[in-house]
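Trainee: Please give me a close look at the sheet in this model. Start with the strands and work outwards to the rest of the chain.

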Amino acid sequence: MTSVVPFFDPRRAYVAQQDAFDAVCRRVLASEQIVLGPEVEAFEREFAGLTSTAEAVGVASGTDALELALRALDLPTGSEVVCPDLTAAATPTAILRAGHRPVLVDVDPETLTIDVERAASAMTARTAAIVAVHLYGRPAAVARLLELGLPVVEDAAQAHGLVVDGRPAGSLGQAGCFSFYPTKNLGAFGDAGAVVTSDRRIAETVRELRTYGERPRHYAHRQGTNSRLDELQAALLRVRLARLAGDNRRRAEIAAVYDQALGRVSPPGVHHLYVIRSQQRESLRSRLAEAGVETAVHYPWPISAQPAFSSARLGGELEASRAAADAVVSVPCNAHLTPGEVERVATALAREGSLGSPRP
Ligand SMILES: Cc1ncc(COP(=O)(O)O)c(C=O)c1O
């Protein structure tokens with residue numbers, strides 16, 4: 001078989017709504033304002049609506065969203081901020097850039113989201129906040145983390161549209177941070193991000209920080225940065241936002257097909273990634289590649305194994321995150337796969353399931 005089921009193909013999102021995207025590009029390129037204008041404001045209103053928060057603030061990336069949200073908490077410089085050891089490098093990077101020290105905590109061996117008991121025992125007098133990551137679109141236990149008494153920032157970069165006990169991801173903690181990197185459940189055609197919050201002070205501070213710390217314009221009263229969202233990305237995101245619920249339903253259908261092929265039940269969530277685990281990861285990946293199924297690994301190294309984060313404190317044993325990093329494999333799961341491609345992945349997974357190798 002020559003064709004391959006791609007892990008992610010950005011062209012498909014474009015083709016699916018091509019007329020709408022083309023119209024948006026013409027409209028924005030012919031408009032007077034192309035950065036932080038009416039499209040950004042409209043997107044912010046719509047995204048705040050989706051997340052049931054009072055405000056959304058568009059920024060340049062998910063990493064910036066996390067950094068600026070943490071800075072807006074006004075924690076003492078050099079505070080410790082807890083985060084899971086299994087996450088994108090962006091999470092601890094943002095903590096460091098906000099002037100704090102990451103404290104790396106193990107994940108729950110089943111869901112691979114942060115282990116709340118481990119987070120509790122990792123806290124010291126210097127610990128000032130927690131970043132909860134909804135990894136793979138699975139809900140981190142934010143309500144239980146909030147009981148530890150510290151502000152919780154949600155890293156919801158993989159969790160657009162996730163609802164937990166009736167409340168949207170992003171609205172569960174003090175602030176929610178989203179990435180709109182193209183592969184995300186809600187993806188732009190470039191980099192973009194947003195902070196959502198119902199705390200007006202946090203929203204106002206992030207607005208200042210994204211434009212050099214200026215208020216009023218040309219008067220920087222705190223040190224900020226440039227993290228503006230441009231009109232084109234905001235307008236394209238508005239087009240895609242209208243399809244998010246349907247896209248997430250399609251992801252859930254695909255996850256159910258894969259579950260059935262493997263005889264497993266996926267953890268709940270919005271299936272940003274469909275992840276299986278194998279002790280023989282490389283041979284599993286080779287067999288899937290031979291069957292024409294592209295795979296990826298999220299993530300091959302835990303944060304604690306990466307030199308850039310050597311200044312982080314290890315908040316206890318990290319055996320689950322380390323074991324997961326050696327075993328996880330992501331297979332294609334997005335709303336633009338064709339039924340034939342889904343079938344092909346499912347057939348390949350069923351074969352693996354009969355070999356007994358992968359586990360949820
Ligand atoms: C869990 C997580 N946090 C943060 C980010 C950072 O987002 P961005 O790439 O938009 O900076 C990402 C995306 O890559 C992510 O997956």
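Mentor: What follows starts at the sheet and then moves to its surroundings.

Keep in mind that this is a predicted model. The sheet is open and has eight strands. Read across, their order is β1-β9-β8-β5-β4-β2-β3-β11. The pairing is mixed. β1, residues 55-59, is one edge strand, and β11, residues 313-314, is the other. Each of these two pairs on one side only.

Now take β4, which sits between β5 and β2 in that order. β4 is mostly covered, with seven of its seven residues buried. Because the cut-off for buried is 20 or more other C-beta atoms within 10 Å, each of those seven β4 residues reaches that count. Look at its partners one at a time. On one side is β2, residues 80-84. β2 and β4, residues 127-133, run parallel and are joined by three bridges. To find the register, go to Glu80: it stands opposite Thr127 in β4. On the other side is β5, residues 152-155. Here four bridges make the join, and β4 and β5 also run parallel. Val131 stands opposite Val153 in β5, which gives you the register on this side.

Next, the domains. The protein is divided in two: domain 1 covers 10-105 + 112-241, and domain 2 covers 244-355. Their C-alpha centres lie 24 Å apart. Domain 1 puts 35 residues into the contact, and domain 2 puts in 29. Which elements of domain 1 give two or more residues to the side that touches domain 2? They are α1 (10-16), β2, β3 (101-105), α6 (116-122) and α9. So two names from the sheet return here, β2 and β3. β3 gives the most to this side, with five residues. By class, this side of domain 1 has 20 nonpolar, seven polar and eight charged residues.

Cross into domain 2 and look at α13, residues 339-355. This helix has 17 residues. From its first C-alpha to its last it reaches 24 Å, close to the 24 Å expected at 1.5 Å a residue. Its buried residues are Arg344, Val345, Ala346, Ala348, Leu349 and Glu352. Residues three or four places apart on an α-helix point the same way, because there are 3.6 residues a turn. Check the buried positions with that in mind: Val345, Ala348 and Glu352 are among them, and so are Val345 and Leu349. The cover over the buried residues includes α10 (244-262), α11 (281-290) and β12 (328-331).

Then the ligand. Its shell holds 15 residues, and Gly62, Thr63, Ala90, Ala157 and Ser179 come nearest. Two elements give two or more residues to this shell, α4 (62-72) and α5 (90-97). The shell has five nonpolar, eight polar and two charged residues.

Last, the backbone details worth checking by eye. Asp74 lies in the loop between α4 and β2. Its phi is positive, about 55 degrees, although Asp74 is not a glycine. Asp74 counts as exposed because it has 11 C-beta neighbours inside 10 Å, and the cut-off for exposed is 12 or fewer.

The loop between α8 (200-210) and α9 (231-241) includes Tyr212. Tyr212 also has a positive phi, about 65 degrees, and is not a glycine either. Is Tyr212 buried, exposed or partly exposed? It is partly exposed, because 18 other C-beta atoms lie within 10 Å. Leaving out residues up to four places away in sequence, Tyr212 touches Ala220, Gly224, Thr225 and Asn226. Arg222 is 10 residues from Tyr212 in sequence and 7.9 Å from it in space, C-alpha to C-alpha.

Pro216 is also in the loop between α8 and α9. The peptide bond from Arg215 to Pro216 is cis, with omega near -5 degrees. Another cis bond runs from His298 to Tyr299, with omega near 15 degrees. Tyr299 lies in the loop between α11 and β11. That brings you back to the sheet, where β11 is an edge strand.

Conventions:
Residues numbered from 1 in each chain as written. Predicted model: local features only at pLDDT ≥ 70, side-chain atom pairs only at ≥ 80, totals over all residues. Expected span 1.5 Å × (residues − 1). Contact = placed C-beta atoms within 7 Å. Near = placed C-beta within 6 Å. Nonpolar A, V, L, I, M, F, W, Y, C, P; charged D, E, K, R; others polar. Pairing = 2+ DSSP bridges. Domains from an automatic or database assignment.
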